Amino acid sequence: MKYFFTRASLVLAALLCMQASSLAQFSVSGTVTDQDGVSLIGVSILVKGSSVGTVSDLDGSYELNIPGSNAILEFSYTGFKAVNKPVSAENNKIDVMMSEDITNLEEIVVSGLASTIKRSNLANAVATISNEEITGVTTQQTLDGALYGKLPGVNVVQNNGAPGGGIAIRLRGVSSLSGNNQPLIILDGVYITNAEIPSGSRFASGANVGIEEGSSNRLADINPDDIESIEVLKGASAAAIYGTRANAGVMIITTKKGKAGDTKVSLEQDLGFNTISNKVGRRTFANKEEVAAAFPTEPNAPIEWEAARQAGKIFDYEDEIYGETGLISETRLNVSGGNQKTQFYISGGYRNEDGIIKNTGFDRFSARLNITHEISKSFTISTSTNYVNSAASRSFTGNENEGGLSYGYTLAFTRDYVDLHPDEDGNYPDNPNYTGNPLFVRDHAKNEEDNNRFIQGARFEWKALQLDNQVLRFVVNGGFDILNNETFVYVPETHQAQRGLTNGFVGVGKNKISNYNYQVTGSHDFYTAAGLSFSTQAGISYLNIDRDFLLNRTTQLIPLQTNVSQGGAQVIEQTLENEEEFGFIVQESVNWDDKIIGTVGVRLDKSSLNGDPNKYYTFPRASLALNIANFDFWNAEQVEQFKLRIAYGETGNSATYSSLFTSLENLTIGGSSGFVNDRQQGNPNLAPEISSELEFGADFTFLNGKVGLEVTYYIRKVKDLLYDRSLPTSSGFTNEIRNDLDLENRGFELSLLLNPVRSTAFSWSSSFNFWFNNSEITRLGIPDGDEGEDIPSFVPPNVGFGFGLGTFYINEGSSITAFWGRDDAGNPAISGDASPDFQLGWYNQLKFGKRLTLNFLAHWKQGGEVLNLTRLLSDSGVTTPNEDLDIEGFIEDASYLRLREIGAYYTLPINGNFIESIRLGVSARNLFTLTSYSSYDPETSTKGGSGLSTGLEVSPFPSSKQAYFHISFNF
Amino acid sequence: MRTYKILMLGLLLSVVSCSIDEQVDPNAPSLNSVLKDASITELNLLATGIEGFMRNGFGTYVTSTGSIARELYIFDADPRNTEDLLGKDGMPLDNNTFYLTTPYNNFYRDIKTCNILLESIDNTDNPTQAEKDGYRGFANTIKAFKLFQVLTMLNDNGIRVDVADPNNLGPFLSKADAFRAIRELLDDAQGQLNGSTFAFQLSAGFAGFDTPATFSQFNRAIAARVALYAKDYLGALSALDGSFFDLMGDFKTGPKHVFSTNSGDILNPAFKTPNQSGDQLVVHNDLIADAQAGDDRLNKFALRTNQTTLDGLAGSHETRLYASATSSMDIIRNEELILIYAEGKIQTDMLGDAADALDIIRTGHSLPAYSGPMTKEALIDEMLYNRRYSFWGEGHRMFDMRRYDRLNDQFLPIDRAGDQIFTQFPIPLTEGQ
């Protein structure tokens, strides 16, 4: 390794020695403005084919000394179309007007650890979303929720509708069975955590595992308004330089930076409300005969119903529990500006949201300071600092077992003619048909979390060498993310399911996740006279993650006490995890005059999660982009861009923590401790699962930017998938970790960008994102193993509810997201598939004059089934609404068409000295949904965001729709 | 100079490539640590674990088999308790659902821990030979008992007995072979207990059965039950001789599973809060109807203040078998040994002895002495009546009915049209059979 690296440095050194000598030179100057004549500050001006360049100053003017006698100047600026101007000693006064880049061809995309590339030269389909698309239409609850339908190949699933998150992002299908299918998230160079931290409510509710608690995911802490852009590297071909953590893709989030110029202040206020987006309804009875028929074994039922009816005591409990209108308020204050040396961005935001269930809600306070400072011509430092406090009260929903807590469960067994309301003294009657009174749970039980989080990123850049034809830079960047999460669950001893048995529950969780990472990279750009340029980079990367989850819980509460020490049966559980990773990266790019762009690279990674923590695994990449339209022979004027691209790359994913160990579990009996073997048989020889992806596609831009088209096809293979396999449980183990399953995802992505009308009076831009993904299990166990040798098809642990109801089932040749039941002969048979046939997002932006804008986003998901066990429960409790009684089976089509976002804004004409502008707006989220799905929301997951978790519904927190009023002031 | 700087940097970068330490589990003791040179402390932790984990899965075993035998219903939110177990509308028992997998998996985990203790004993010099035999006798007794419980569920499907090596599991033995293997294991254990010493302590549940000599009586009591199920009645009677069987003794004598609210401990899984709805063990109405007048075993049932129904099923009474969530559960008690004795005598045609034993049970439960015909058939009915009420809700009924070919709709009620009566559980899916 040392040898390899030393050689890379020697190459760098050798390149440095090839210094070109400078001859004659001349000076060019001018100003840069936009279409309206406003000066553009910070426009990059570069002599084409060299590293000579400058940026425009506060007045938009520039001056540049250029070697030789003539050159071509490239003017580039984020969000604007690049302009090329020939200059010479004679022609040396160049004023440039730049126009907005509506096709994003000039957008700068991260291509390496310390390098960027123009989108028009990119060989991958990297999806990028800007601030305007994230928060421009309506206010976002969470950052991940803002991505729905906006990016092709990016599947976003809301696991449940509780305020404060609980969302899973999946890029190009399932990539792992054991671990997380969530992408790696890097915010301003910091690896940040997106953990779902369980609160321990399962110990009171009887839910089977932590992932059934419906926890939030911690991306909810990030204020969406702070985000400048998100780049999504969807597969291994784009993400290979992130190596062993990038199997599920990478999201690179960049926060806003200040710009040199006048200090800008903006104050924004949103007011809105949450209401349930869809009620399922309840069983109603028209007369006593219907009641008698519904409850044939209960002669009293019709009498009770009749008495309740006459007393006017037929209640709609669904409305009482889920029918609240939750107020939402969000305030944001941004201050940004700076001079040419130092720029800053300060933001503060506070969001307060009440849910559709009384006593639920989400609060987030976020403060950010981003500073960029140029120490000298060759040294730049930038830091990004973010403090967040977020709190949520999520109450109890989702799967449980006799806890009497989850509303969906209790409602399924609560009959509307039974009065569960408290008397004047506040005594709640028992639910005669289940173990809990939902009104009591709503009013007295608690499930809360509180997060304090500090994310700090820093980047130090040293331009070690700048000559006419080469630049050598070193970048040290990194940072840390410290999350302190506290959870609190309280179930009073008077709760029906607790009384006389466990007599109350308090669970207090103190969870800490701290990540830190750093990266040192050297990069060398070298330009030749022949129009060839080379970009070489090499570096190291280090990541350390520490988790400390401490849960104190007790039952047998001293009456009326809510302190964990005031209970008679205390249990403390601590889970410690430490992960360390280290890697080398080398990458070389060659660009021939923006016509042919080729890149090869490799990353070598080792991880403490692998059986051999010091063994390096290799993750190569290679890609090629051909800009056909840039070749001289191309003369189709109407086609500005025609690019063919192909890319290949590999990434990895290590086993989840503790997979290497076979442990003993603690128990006590009669006050003595003992050991029993753990359920999981560890495997000390695990290697990472490897994903390899071949992606190819073409990009077009026609008709002066009016039409842009990107099509991509990918084949993504995951080799040696890590998976928990159920062992024959007669071994005493329930599951083992294995490493011998192959999976293939193939998919197609299309983006169509239209700008049919562009004028000052009216402009309309519209984008279509279409995509689908199909998976197949291509190998299970020994390759081509004989019968008996090969691994038989199996049900992974915790992915379903048995063949009787529906489960995922790993079977060679089948889709990995298929639901399986039994056929008439009793053999496993496919009964549905959670993966959609395709998805389509349609985003529109309409501008009427300079003041009025209307934006909307529609999202169509076609196909994909959901196992609706909410209805199984309501069938069992005889509360299924009359109109749903004839639905056959519990696997339902979950197609939908949803108006995800719509917003209209008007800017008031104000010419004050103090206030620059006032903008008013109205917007809504999830305003309507067309679907034949019978339960709350076709988009649901009772088992959270991990593994094979989509498409299972068990009494979720119902989804809400939101409407907002906005006002913002710019000073 | 510049080249030098670059080389320095390159060197620096390669130096940072730190080495990552070998990983140890920070959260729990590792299996490997006890397999070699285990200390007495470690061996005792395993022994306590084995006793404690005997309880896991036993609640589901009792309620699932009780539902199938129509002695109780489980009324809770899981519809599979009233659908699958009663074979609603022709539905089969699933081979990957909790009513099977919870007892099966937990019983085999306990068996695995027994095997770990046995392997540890072979690889350590810390205990004396007598102490080693004490551990072995204990582990083999419990292992045999848990294997037997698995066999009662799977019955004709047979079970795996050789499960020490998880990567090389033994075959499924036929029912007859499994019985033979379990009985040999019990006999081996008895031999090991003889002359051994216990370096470990059992919980208060084993009070009176916590020395090698008295634990051996427990071993023989289990052997008697196994022999009875294997229909070796003479074997059962002879096993009783070495057990704590006492015709004159207290019915309740015997080792127990104890429960507490201590940290890490569990609660009695078959206790249900009185009059609780939604999570209740409801007594099958036939038990109330069929009881003989004055039978004090009816005290195990209590009339609910409100009748409860679920899924087309109803019952007027609920369980009062246990007074609280920390009440102990019997593993095997003298009352059962007396009834094993009675059954053994009936089957070996010593009807007088059998009737005397049955009278002890009857009078012990406030009933008059047996006055029915002194025929084998009539006495079998009487014996089964007593087993039905003496062991209600303790996981016997399904097997008693099966042993006498009565686990069918001629002898058991069909509560809903379309329900079925299952005679055994399928082999779990994960066994890949």
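Which residue stands opposite A:Tyr905 in strand 47 of chain A? The partner of A:Tyr905 is A:Gly921.

Before going further, a word on the ground rules. This is a predicted model, in which local features need pLDDT of at least 70 and side-chain atom pairs count only at pLDDT 80 or more, while totals for chains, interfaces and linings use all residues. Residues are numbered from 1 along each chain as its sequence is written, and chains are lettered from A and ligands numbered from 1 in the order in which they are written.

**Strands of chain A**

Helices (H or I, at least four residues) and strands (E, at least two) are DSSP runs, numbered from the N terminus. Two strands pair if DSSP finds at least two bridges between them. Here are three pairings from chain A.

| Strands of chain A | Bridges | Direction | Residues opposite each other |
|---|---|---|---|
| 46 (residues 896-908) and 47 (residues 917-925) | 8 bridges | antiparallel | A:Tyr905 and A:Gly921 |
| 47 and 50 (residues 960-970) | 9 bridges | antiparallel | A:Ser917 and A:Asn970 |
| 1 (residues 25-33) and 7 | 2 bridges | parallel | A:Val32 and A:Val96 |

Strand 47 thus appears in two of these pairings, with strand 46 and with strand 50. Strands 1 and 7 belong to an open sheet of 3 strands in the order 4-1-7, with mixed pairing. Strand 4 (61-67) and strand 7 (96-97) stand at its edges with a single partner strand each, so one side of each has no neighbour in the sheet.

The domain assignment of chain A, whose bounds come from an automatic or database assignment, gives domain 1 (2-101) and domain 2 (127-279 + 323-405 + 445-970). Taken over C-alpha atoms, the centres of these two domains are separated by 38 Å.

**Chain B and its helix 11**

Chain B has 14 helices and 8 strands, and its C-alpha atoms fill a box of roughly 110 × 55 × 40 Å along the principal axes. A residue is buried if 20 or more other C-beta atoms lie within 10 Å of its own, exposed if 12 or fewer, and partly exposed in between, with C-beta atoms placed from the backbone. Of the 433 residues in chain B, 54% are buried.

Helix 11 (residues 334-347) of chain B is largely enclosed by the rest of the structure, because 14 of its 14 residues are buried. Just after this helix, B:Asp349 takes a positive phi of about 65 degrees. B:Glu335 has its C-alpha atom 7.7 Å from that of B:Asp250, although the two are 85 residues apart along the chain. B:Asp250 lies in the loop between helix 9 (233-241) and strand 4 (256-257) of chain B, and counts as exposed because it has 11 C-beta neighbours inside 10 Å.

**Cores and the contact between chains**

A nonpolar core is a set of buried Ala, Val, Leu, Ile, Met, Phe, Trp, Tyr and Cys residues joined through C-beta atoms within 7 Å. The largest has 126 residues, and B:Leu117, B:Ile182, B:Ala224 and B:Val226 have the most contacts inside it. Helix 6 (residues 129-154) of chain B gives the largest share, 12 residues. A second, separate core of 80 residues includes A:Phe440, A:Leu660, A:Ile737 and A:Leu743.

Two residues are in contact if their C-beta atoms, placed from the backbone, lie within 7 Å. Leaving aside neighbours within four places in sequence, B:Ile182 touches B:Ala144, B:Leu147, B:Phe148, B:Leu151 and B:Val226. Between the chains, the contact takes 83 residues from chain A and 81 residues from chain B.
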